[in-house]
Structures are given as structure tokens and as C-alpha cells.
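Here is a protein model to get to know. Take a look at the sequence and the fold, and then we'll walk through them together.

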Amino acid sequence: MLHILADLLGVQPDDLKLRAPLSQYGMSSILMLQLLQRLQTKFGPSVNPSDITACGTIGDIIDILTVPSH
């Protein structure tokens with residue numbers, strides 16, 4: 001996940017902080033859509049777009065991807 005996001009943002013994965021706001025990294029709606037497409041390619045269509053777009057931090061996205069849905 002960090003590598004996907006780092007690639008989109010043009011930074012090194014080590015430069016990303018899990019609890020920093022995505023806006024700090026210049027995350028735009030276009031980048032969010034590209035991230036969603038890459039996540040769905042990697043993790044499958046079960047990645048919910050509204051869940052991802054509601055995330056405020058990288059950690060929030062990781063939490064959604066790693067916590068099983070009920």
C-alpha cells in the first residue's frame with residue numbers, strides 16, 4: 001500500500017507518515033481515483049470506493065484494507 005501511494009505521489013515510501021493528513025501530500029480527487037483503481041487491481045473489487053475516499057490518512061486506508069468487513 002505504501003509503495004502504491006508513494007509512486008502516485010512521487011515520494012519515497014519512507015517519507016510517508018501513517019497518521020499525517022493525505023492533504024499534506026497533495027492528495028487530490030484525481031490521485032484518489034488513481035489510488036482506488038490501483039487498490040482494486042491489487043486487492044480486488046471488494047475495495048469500496050466510498051470507504052477509501054472517506055479516509056483522512058494513510059493509516060485509515062491501511063486499516064480499511066486490513067480489517068475484515070462484517
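Where does Thr57 lie? Thr57 sits in the loop between H3 and H4. We'll come back to that spot, but let's begin with the whole picture. One thing to keep in mind throughout is that this is a predicted model.

## The overall picture

The protein is built from 4 helices and 0 strands. If you follow the sequence from start to end, the pattern reads α-α-α-α. In order, the helices are H1 (2–9), H2 (29–43), H3 (49–53) and H4 (residues 58–66).

How does the overall size work out? For 70 residues, a compact globule would have a radius of gyration near 11 Å, and the protein has 11 Å, so the two agree. Measure the C-alpha trace along its principal axes and you get a span of about 30 × 20 × 20 Å.

## Inside, outside and charges

Of the 70 residues, 36% count as buried. The accessible surface comes to about 4500 Å², and carbon and sulfur atoms account for 55% of that. As for charge, the protein has 4 positive and 6 negative ones, and the mean positions of these two groups are 3 Å apart.

There is also the matter of which parts of the chain touch. Take the contacts with a separation of 6 or more: 53% of them are between residues 24 or more positions apart. Some of the loop residues below give you examples of contacts across the sequence.

## Helix H4 and its buried face

Which residues of helix H4 are buried? They are Ile58, Gly59 and Ile61. Looking down the axis of H4, these buried residues fall within an arc of 160°, so they line one face of the helix. The cover over them includes helix H1, helix H2 and helix H3.

Gly59 is a good one to pick out in H4. Its relative accessible area is 3%, so Gly59 is buried. Leaving aside neighbours within four places in sequence, Gly59 is in contact with Leu18 and Arg19. Gly59 can also be compared with Lys17: the two are 42 residues apart along the chain, and their C-alpha atoms are separated by 8.3 Å.

Asp63 is in helix H4 too. Is Asp63 buried or partly exposed? With 35% relative accessibility, Asp63 counts as partly exposed. From Asp63 to Ser46 there are 17 residues in sequence and 15 Å in space, C-alpha to C-alpha.

## Helix H1 and what follows

Over in H1, the buried residues are Ile4, Leu5, Ala6, Leu8 and Leu9. What covers them includes H2 and H4. H1 is also part of what covers the buried residues of H4, so you'll find each of these two helices among the cover of the other.

Just after H1 comes Gly10, which takes a positive phi of about 75°.

## Where two loops meet

Now back to Thr57. Thr57 is buried, with a relative accessible area of 11%. Which residues does Thr57 contact, if you leave aside its neighbours within four places in sequence? They are Leu18, Arg19, Ala20, Pro21 and Leu22.

Pick Ala20 from that list and look at the other side of the contact. Ala20 is found in the loop between H1 and H2, and it is buried, with a relative accessible area of 8%. Ala20 and Thr57 are 37 residues apart in sequence, but 5.8 Å apart in space, C-alpha to C-alpha. Beyond its neighbours within four places in sequence, Ala20 is in contact with Tyr25, Gly56, Thr57 and Ile58.

Gly56 has its place in the loop between H3 and H4. Gly56 is partly exposed, with a relative accessible area of 34%. Not counting residues up to four places away in sequence, Gly56 touches Ala20, Pro21 and Leu22. Gly56 and Ser23 are 33 residues apart along the chain, and 8.0 Å separates their C-alpha atoms.

Key. Residues are numbered from 1 along each chain as its sequence is written. This is a predicted model: local features need pLDDT of at least 70, side-chain atom pairs count only at pLDDT 80 or more; totals for chains, interfaces and linings use all residues. Side-chain values use heavy atoms; hydrogens and water are left out. The radius of gyration is taken over C-alpha atoms; the globule rule is 2.2 Å times the number of residues to the power 0.38. Buried means under 20% relative accessible area, exposed over 50%, partly exposed in between (1.4 Å probe, protein chains only). Contact means heavy atoms within 4.5 Å. Accessible areas come from the Shrake-Rupley method with a 1.4 Å probe; for residues, only the protein chains shown count as cover. Lys and Arg count as positive and Asp and Glu as negative; His and the chain ends are not counted. The place of a charge is taken as NZ of Lys, CZ of Arg, CG of Asp or CD of Glu. The arc is that of the directions from the helix axis to the C-beta atoms.
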